[in-house]
Amino acid sequence: MVAHRFIPGAFAAGAAATFTSEDEEKEDSHPWIRVDDTVQALQTLGAWYRQRLTMPVVGITGSVGKTTTREMITAALSAGKRVYSTHGNSNGQLGVPLTLSEADLSAEVTVLEMGMSEPGEMPRIAAIARPQIGVVTNIGVSHIENLGSRENICREKMHIADFFGPENTMILNGDDDLLPAWRDNGRFRTVFFGQGPENDYRAENIHQEGGRTCFTVRAGKRSLTLSLGVPGLHNVMNALAALATADLCGVDLTAAAKKLEEFHGFSRRLQVFEEGGYTYIDDTYNASPDSMRAALQVLAETPTAGRRIAVLADMLELGPDAPEYHRQIGVGAAQLPVDTVFLIGELAKNIGRGLEEFGRSAVYCEDNREAAEQIRAMCRPGDVILLKGSNGMHLGEVLEALRNGKAEQS
């Protein structure tokens with residue numbers, strides 16, 4: 001295997017031992033452990049470490065917002081607990097066992113992000129992580145190319161509860177059209193969050209105030225106000241999931257809310273900042289139809305003395321219906337106060353189709369370099385510029401070019 005070439009470097013960096021499926025014997029001062037399958041061996045090790053954890057484990061999955069929700073849950077829980085959580089993007093068949101093997105045994109709760117992209121993946125991850133509390137942010141179309149339908153994605157995601165019983169709780173997005181079907185499932189308890197009145201944790205009176213997202217949280221007879229430093233309705237939903245988790249783990253809701261008010265998001269995930277007279281909304285980390293709609297809504301709601309400019313690139317891994325998903329984005333964008341739309345990529349041309357249905361047009365760019373040149377040529381101080389596309393489209397290149405170049409006033 002190609003990865004075996006990196007073993008010496010791992011030892012040089014401080015690794016204590018290694019699995020190998022290639023070597024029968026080795027002359028080395030470090031332990032080489034012969035296994036048939038290194039991935040399976042890592043997962044077995046992670047499952048063994050999981051058995052050592054006596055604190056509750058919270059598992060988070062969903063099509064969009066897993067990482068932000070994970071960090072919000074970690075922040076909310078930190079108001080009353082010592083928390084260990086997933087670092088970076090270690091959320092799959094390799095990342096989860098690695099995260100567990102590094103777990104802080106002195107923590108009072110562990111928070112694991114659990115991602116999947118193909119059938120059969122979540123059951124394997126759930127068997128390793130065995131969470132006692134599960135959180136599902138939503139069911140979208142990310143990885144639909146591999147799973148075929150949203151219904152299949154939902155079934156795969158819900159394997160997070162494979163080892164649940166009556167003592168376990170799933171925290172689910174009650175505004176999602178597929179997840180409420182699990183309300184009376186007979187196996188485990190469910191708690192729902194969202195805006196609808198049937199949700200156990202719901203947001204009301206959502207509005208912008210001083211650049212922050214403000215709303216009222218209702219949880220039974222309890223009520224509190226929350227002011228988030230991150231934009232978008234989707235982050236209101238993420239915050240509700242975090243509060244529900246904290247509440248179930250015995251953390252005071254008001255204290256948890258104060259921790260959430262200190263949360264400022266992540267680089268390249270709807271990061272809003274001002275520079276050189278321009279406001280940038282950097283959402284270049286990745287893209288799906290749900291997250292692109294959310295980003296466009298944030299752009300539409302961002303106060304500006306100038307124009308609102310959207311720079312949109314292909315959304316990848318959407319399967320045969322990808323052109324239609326892109327067209328729908330264009331239809332939605334046409335009904336928002338967005339002044340100019342720049343498009344990059346073959347699939348993104350279908351966003352233009354949706355815009356044209358409502359008499360709107362777009363600026364088509366062959367590549368990131370051309371996009372940066374055209375945007376620089378037309379933008380002026382006071383404009384708000386959103387950049388959104390799948391990670392494989394490398395839209396960060398456009399952002400860097402805009403930040404390092406000098407925009408010409410049009």
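**Close-up views of a predicted model**

**View 1. Aromatic pairs in the model.** In this predicted model, the count of aromatic pairs, taken as rings whose centres lie within 6.5 Å, comes to six. A pair of aromatic rings is described by the distance of the centres and the angle of the planes. One of the pairs is formed by Trp182 and Phe188, which are stacked, with 6.2 Å from centre to centre and 15° between the planes. The surroundings of these two residues can be read from their accessibility: Trp182 is partly exposed, at a relative accessible area of 23%, whereas Phe188, at 5%, is buried. Together with Phe164, the residues Trp182 and Phe188 make up one aromatic cluster.

**View 2. The pair of Tyr278 and Tyr280.** Are the rings of Tyr278 and Tyr280 stacked or tilted with respect to each other? Their planes stand 40° apart and their centres 6.4 Å apart, and the pair is tilted; this follows because planes under 30 degrees apart count as stacked and those over 60 as edge-to-face, with the rest counted as tilted. Tyr278 counts as buried, with a relative accessibility of 7%, and Tyr280, with 4%, counts as buried as well.

**View 3. Arg269 over aromatic rings.** The charged end of Arg269 sits over the ring of Tyr285, at 3.7 Å from the centre of that ring. Arg269 also lies over the face of Phe266, where the distance from the ring centre is 5.5 Å.

**View 4. The open sheet of six strands.** Strands of a sheet pair through backbone hydrogen bonds, either parallel or antiparallel. In the open sheet shown here, the pairing is mixed, and the six strands follow the order S12-S13-S17-S14-S15-S16. Strand S12 (271–275) and strand S16 (363–365) stand at the edges, and because each has a single partner strand, one side of each is left without a neighbour in the sheet. From one strand to the next, the twist averages 20°.

**View 5. The edge strand S12 and its partner.** How do S12 and strand S13 (residues 278–283) run relative to each other, and how many bridges join them? The two strands run antiparallel and are joined by five bridges. Within this pairing, Val272 stands opposite Ile281 in S13.

**View 6. Helix H12 on the sheet.** Helix H12, which covers residues 349–356, lies across three strands, namely strand S14 (308–313), strand S15 (340–344) and S16. With respect to S16, the helix H12 runs at about 170°.

Technical notes:
Residues are numbered from 1 along each chain as its sequence is written. This is a predicted model: local features need pLDDT of at least 70, side-chain atom pairs count only at pLDDT 80 or more; totals for chains, interfaces and linings use all residues. Side-chain values use heavy atoms; hydrogens and water are left out. Two strands pair if DSSP finds at least two bridges between them. Helices (H or I, at least four residues) and strands (E, at least two) are DSSP runs, numbered from the N terminus. Axes are lines fitted to C-alpha atoms, for helices over the stretch in contact, and angles run from 0 to 180 degrees between N-to-C directions. Contact means heavy atoms within 4.5 Å. Buried means under 20% relative accessible area, exposed over 50%, partly exposed in between (1.4 Å probe, protein chains only). A charge sits over a ring if NZ of Lys or CZ of Arg is within 6 Å of the ring centre and within 35 degrees of the ring normal.
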